[in-house]
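Please work through the following exercises with the sequence and the coordinates open beside you. Each task is followed by a solution that goes step by step.

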Amino acid sequence: MPQSLSAVYLHVIFSTKERRPFLRDETVRTALHAYLGGISKQLGCTPIIAGGVEDHVHLLARFGRTITQAEWVKELKRVSNLWLKKEHKIRLFEWQGGYACFSVSESNREQVKKYIANQAVHHKKIDFQDELRLLLKKHRVEWDERYIWE
């Protein structure tokens, strides 16, 4: 085949260091979601939707063919970290070291998109840690509680 074609969708989630509520300001949070989409696009990973609440973000994107998952997340965090510190004067801002990333089928893409869009409502019922545990179980990812939370 002379051409490389791909349709891989990824749902990535990462939190602020120690799940501190750095993103409480809705204006900052909305701007961050747009900024993350822009970073992702520059990295060749077309953003579908970004969302989240005061202590974590979700991003659904069509994954590019020329970057690794680890490089993508590293750059999303690095560039947005610098931007939050410079543009929004959040001097002590940091992302957690790790992340969770799940594949999303084309048939499930709209459901995940709605899930990300409704984060504020969702988190009135469940906190980030319980949300992540449920997603890890759903995707059959094994984890160790001693190492998952910073």
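**Exercise 1.** Which residue meets D144 in a salt bridge between side chains, and at what N to O distance?

*Solution.* Before starting, note that this is a predicted model, in which local features need pLDDT of at least 70 and side-chain atom pairs count only at pLDDT 80 or more, while totals for chains, interfaces and linings use all residues. Residues are numbered from 1 along each chain as its sequence is written, and side-chain values use heavy atoms, with hydrogens and water left out.

Begin with the criterion: a salt bridge is a side-chain nitrogen of Lys or Arg within 4 Å of a carboxyl oxygen of Asp or Glu. The partner that meets D144 in this way is R146, at 2.5 Å, N to O. Next consider accessibility, where buried means under 20% relative accessible area, exposed over 50%, and partly exposed in between, with a 1.4 Å probe and protein chains only. D144 counts as partly exposed at 28%, whereas R146, at 62%, counts as exposed.

**Exercise 2.** Determine how R133 and D130 are placed in their helix, and which network they belong to.

*Solution.* Helices are DSSP runs of H or I with at least four residues, and strands are runs of E with at least two, numbered from the N terminus. R133 and D130 both lie in helix α5 (residues 128-138), three residues apart, which is about one turn of the helix. Their closest N and O atoms are 2.7 Å apart in a salt bridge. With E145, D130 and R133 are linked in a network of salt bridges.

**Exercise 3.** Establish whether H56 is buried or exposed, and find its side-chain polar contacts.

*Solution.* H56 lies in strand β3, and because its relative accessible area is 0%, H56 is buried. A polar contact is a pair of N or O atoms within 3.5 Å; within protein, one must be able to donate a hydrogen and the other to accept it, and residues adjacent in sequence count only if both atoms are side-chain atoms. The side chain of H56 makes such a contact with the side chain of Q119 at 3.2 Å, and another, of 3.0 Å, joins the side chains of H56 and E131.

**Exercise 4.** Compare the expected span of helix α2 with the distance between its end C-alpha atoms.

*Solution.* The expected span is 1.5 Å times one less than the number of residues. For the 19 residues of α2 (residues 69-87) this gives 27 Å, and the end C-alpha atoms are 27 Å apart, which agrees.
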